[in-house]
Amino acid sequence: MKKYNKVVLAYSGGLDTSIIISWLKENYGCEVIAVVGNVGQKDELEGLKEKALSSGASKIYIEDLTKEFVEDYIFPTIQAGAIYEGKYLLGTSFARPIIGKKLVEIALNEGADAICHGCTGKGNDQVRFELAVKHFAPDMDIIAPWRIWDIKSREEEIKYAEDHNIPLKITYETNYSKDKNLWHLSHEGLDLEYPENEPKYHKILELSNTLENAPDEATYISLTFEKGIAIALNGEKLSGVALMEKLNEIGGKNAIGIIDMVENRLVGMKSRGIYETPGGTILYKAHKDLEELCLDKETAHYKEIIALKFADLVYNGQWFSPLREALSAFVNKTQETVTGEIKLKLYKGNIVNAGMTSPYSLYSEEYATFGEDGIYNQKDAEGFINLFGLPTIVNSKMHSAIKKQDQ
């Protein structure tokens, strides 16, 4: 193995990174600096400093990235309407680039020789982290233990931790692979690896109620948007972080945003996971509904095409790419009139539109009414249909003529 003097480790205190500090020191004899990107995982941050230092790290950074995460990554993705494969709201995907960016910043300031992460060789996160590193430090070495060590499973990782007296918060029986941040919580592994199994929601859910335990009465909320960004909840202006925290609480109470999904990973395999995204699901619904009121047909329909590509780019770790930036420029233009207030009814996993208004509304009661109006001449529709249907008429006559010739 190549020798390094100082390595910066993307540290979470989870199973993988808990043993990697010891493994790096054993195999490289290097100094290890742990870096924690705080993207809203809250309780998972408790005790990380003591744990990292006691595990052999020389130093630990715990960087608060929550404000930047919401404003520069979450909100632009909502504005784009980007959803991967119709279900996944990209919670892990857009958290990795911002952490990767901070890893590089600290590695360069510390004069580190390499950056290390605990992603497996089967997952998407290895791509997301490494593309971020390559963007900001193209010559930086990257160490990915899962691609080179002798450990073959999470069970063997637990055994390694036990042999090296590394404390863990999980056991062989609770060994789900999880990712938590301000936006979502994901669950993979164990019984979830078998698509025929119904998830044990009563055991695994942390942000959300089960449908059965959700309140029997609906909750009504209102959200105020300005240029596609939610700025107030129930009339109260809030920061992006505070807004997400309150929506997670309200959405979780009403069992909003629980997704069971078999997705196509970037590396080629299918993977089954359970996602809890209570607040994010509410924001996507509210934003989409408001766009129905404020965007013209051609822009709205073309934006759906953009949303699909945007989601692929984020999922594939290409946040820091010219195309993503170009698509964001297009999206920003479409959001200039997505301003207004929308009311929602939340009930046992459902989100129902309960009314919306906007100063830029393109809905006109005068034109759309079934009652009498004085501005729309229904006779005009005849000429429109004749012109719109002209290609159909010409095509039909052509086939009729050919059919007669064949007879």
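**Backbone outliers, surface patches and an annotated site**

Lys 42 is exposed, with a relative accessible area of 52%, where exposed denotes over 50%, buried under 20% and partly exposed the range in between (1.4 Å probe, protein chains only). The structure is a predicted model, in which local features require pLDDT of at least 70 and side-chain atom pairs count only at pLDDT 80 or more, whereas totals for chains, interfaces and linings use all residues. Residues are numbered from 1 along each chain as its sequence is written, and side-chain values use heavy atoms, with hydrogens and water left out.

The chain contains 14 helices and 14 strands, these being DSSP runs numbered from the N terminus (helices: H or I, at least four residues; strands: E, at least two). Its C-alpha trace spans about 85 × 60 × 45 Å along the principal axes, and 48% of the 407 residues count as buried.

Most residues other than glycine have a negative phi. Lys 42, however, has a positive phi near 50°, and is placed in the loop between strand E2 (31-38) and helix H2 (48-54). A positive value, near 55°, is likewise found for Asn 165, which belongs to the loop between helix H6 (154-163) and strand E6 (177-180) and is exposed at 70% relative accessibility.

On the surface, Asp 150, Glu 155, Glu 156 and Glu 193 form a negative patch. Patches comprise residues with over 30% relative accessible area and no salt bridge, like charges being joined within 9 Å and nonpolar side chains (Val, Leu, Ile, Met, Phe, Trp, Tyr) within 5 Å; a salt bridge is a side-chain nitrogen of Lys or Arg within 4 Å of a carboxyl oxygen of Asp or Glu. Asp 150, in the loop between strand E5 (141-143) and H6, is exposed at 67% relative accessibility.

A nonpolar surface patch of about 330 Å² is made by Tyr 367, Ile 375 and Tyr 376, with areas obtained by the Shrake-Rupley method with a 1.4 Å probe. Within this patch, Tyr 376 is partly exposed, its relative accessible area being 42%, and lies in the loop between helix H12 (365-368) and helix H13 (380-388).

According to an unreviewed UniProt entry, the annotation "binding site" covers Thr 120, Asn 124 and Asp 125, although such annotations may be inferred rather than shown by experiment. Of these residues, Asn 124 is located in the loop between strand E4 (114-116) and helix H5 (125-136), and counts as buried at 8% relative accessibility.

How values were computed: Lys and Arg count as positive and Asp and Glu as negative; His and the chain ends are not counted. The place of a charge is taken as NZ of Lys, CZ of Arg, CG of Asp or CD of Glu.
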